[in-house]
Amino acid sequence: LSAHSIGGGNGGNITLSATDTVLFSGPNSWIEIGPQSSLFATTTGDVSITANNIIFENGSTLSAATKGLGLAGDVVLTAANRVDLIGQSGDYDPSGISAGTYHTGVSAGTGGLISIITTDLNLESGGYIAADTLGSGMAGNINIQASGTVSINGTNAYGKPSTLRSNAAPNLAGVMGGNAGH
C-alpha cells in the first residue's frame, strides 16, 4: 500500500481496520506514505491500523517517514491481542516501523509519533520501531501502551538487535541531528 507524493503535494492517509488479523509478510509487503522528493516542504500522511492482531513479518515494513523538508506522519496501531515485528527477508532486512526524518540537507523535517496500544508487543530478529532523525530535524516520539508483555529479543543476520529508538544523529554530510524524541 502506498500514498506517495512525488512533487510538492502532501502524502495521503491510510486507514486499515480488520476484525481479526492484519498480516504483512515479506519484503514486498509494505505500507509507505509520504513525500519522495527532498526538494519540497511537504507533509507525510498518517497510518492507522486497528485489528485483534497486527503482524509485520519476514522483512515487511511500515514507513511514514519523510525524505524531505516537511513533517513525518504519525503511525497508530491498536491491537486487542498483539503487535509483532518479527523475522527478516531473504536479504536480512528486518521487519519494522519508521516515522523519522531522513533528509540529508541542513534543513530537515520533524519525525512523527508512533503510538502502539495493545496487550502484547513483540520485536524479534532485528525488528524495530524507529522515529529517528538524520540531519537537523527533530526526532519523533514513540508511545507504547501494553497491558501485557513487551518483548524485545534477538538480532538479524548482521547482528543488529531488535530496537525501539528515537535518535538524533548526524547525516552523511556531517550535519548534526536535531533533538531526540521520547
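**Group meeting: a walk through an all-strand model**

Let me begin at the surface, with Leu 164, which counts as partly exposed because its relative accessibility is 36%. This leucine sits in strand β15, which covers residues 163-165, and together with Val 150 and Ile 152 it makes a nonpolar surface patch of about 220 Å². I should say straight away that what we are looking at is a predicted model, so please hear every value that follows as computed from that model.

Some figures for the whole chain, before we go inside. The secondary structure comes to 16 strands and zero helices, and of the 182 residues in the chain, 45% are buried. The accessible surface comes to about 7,900 Å², with 51% of that area belonging to carbon and sulfur atoms. If we take the contacts between residues at least 6 apart in sequence, 78% of them join residues at least 24 apart.

Now to the interior. Which residues have the most contacts inside the largest nonpolar core? They are Ile 49, Leu 62, Leu 77 and Ile 114, in a core that has 25 residues. At least two residues of this core come from each of the strands β3 (21-25), β5 (47-57), β7 (75-86), β9 (113-118) and β10 (120-124). To take Ile 49 as an example, and setting aside its neighbours within four places in sequence, its contacts include Leu 16, Val 22, Ile 31, Ile 54, Phe 56 and Leu 62, as well as Val 76, Leu 77 and Thr 78.

One of those partners, Phe 56, brings us to the aromatic side chains. A search of the whole structure turns up one aromatic pair, and this is the stacked arrangement of Phe 24 and Phe 56, with 5.0 Å from centre to centre and 5° between the planes. The pair links distant parts of the chain, since Phe 24 belongs to strand β3 and Phe 56 to strand β5, 32 residues apart. Both Phe 24 and Phe 56 are buried.

Another partner of Ile 49 is Ile 54, which also lies in strand β5. Is Ile 54 buried or exposed? It is buried, because its relative accessible area is 0%. Its C-alpha atom is separated by 4.8 Å from that of Val 83, although the two residues are 29 apart along the chain. Again leaving aside neighbours within four places in sequence, Ile 54 is in contact with several residues, among them Val 22, Leu 77, Ala 79, Arg 82, Val 83 and Asp 84.

Two names in that list lead to my last topic, the charged side chains. Side chains of opposite charge can pair when their charged atoms come close, and the structure holds two salt bridges. In one of them, Arg 82 is joined to Asp 84, with the closest N and O atoms 2.5 Å apart. Arg 82 is partly exposed, given its relative accessible area of 32%, whereas Asp 84, at 7%, is buried.

The other salt bridge is between the side chains of Arg 165 and Asp 132, at 2.7 Å from N to O. This pair links distant parts of the chain: Arg 165 is in strand β15, while Asp 132 is in the loop between β11 (128-130) and β12 (133-134), and the two are 33 residues apart. Asp 132 counts as buried because its relative accessibility is 9%. With Arg 165 we are back in strand β15, the strand in which Leu 164 is found.

Note on methods. Residues are numbered from 1 along each chain as its sequence is written. This is a predicted model: local features need pLDDT of at least 70, side-chain atom pairs count only at pLDDT 80 or more; totals for chains, interfaces and linings use all residues. Side-chain values use heavy atoms; hydrogens and water are left out. A nonpolar core is a set of buried Ala, Val, Leu, Ile, Met, Phe, Trp, Tyr and Cys residues joined through side-chain atoms within 4.5 Å. Buried means under 20% relative accessible area, exposed over 50%, partly exposed in between (1.4 Å probe, protein chains only). Helices (H or I, at least four residues) and strands (E, at least two) are DSSP runs, numbered from the N terminus. Contact means heavy atoms within 4.5 Å. Rings of Phe, Tyr and Trp (its six-membered ring) pair if their centres lie within 6.5 Å; planes under 30 degrees apart count as stacked, over 60 as edge-to-face and the rest as tilted. Accessible areas come from the Shrake-Rupley method with a 1.4 Å probe; for residues, only the protein chains shown count as cover. Patches are made of residues with over 30% relative accessible area and no salt bridge: like charges are joined within 9 Å, nonpolar side chains (Val, Leu, Ile, Met, Phe, Trp, Tyr) within 5 Å. A salt bridge is a side-chain nitrogen of Lys or Arg within 4 Å of a carboxyl oxygen of Asp or Glu.
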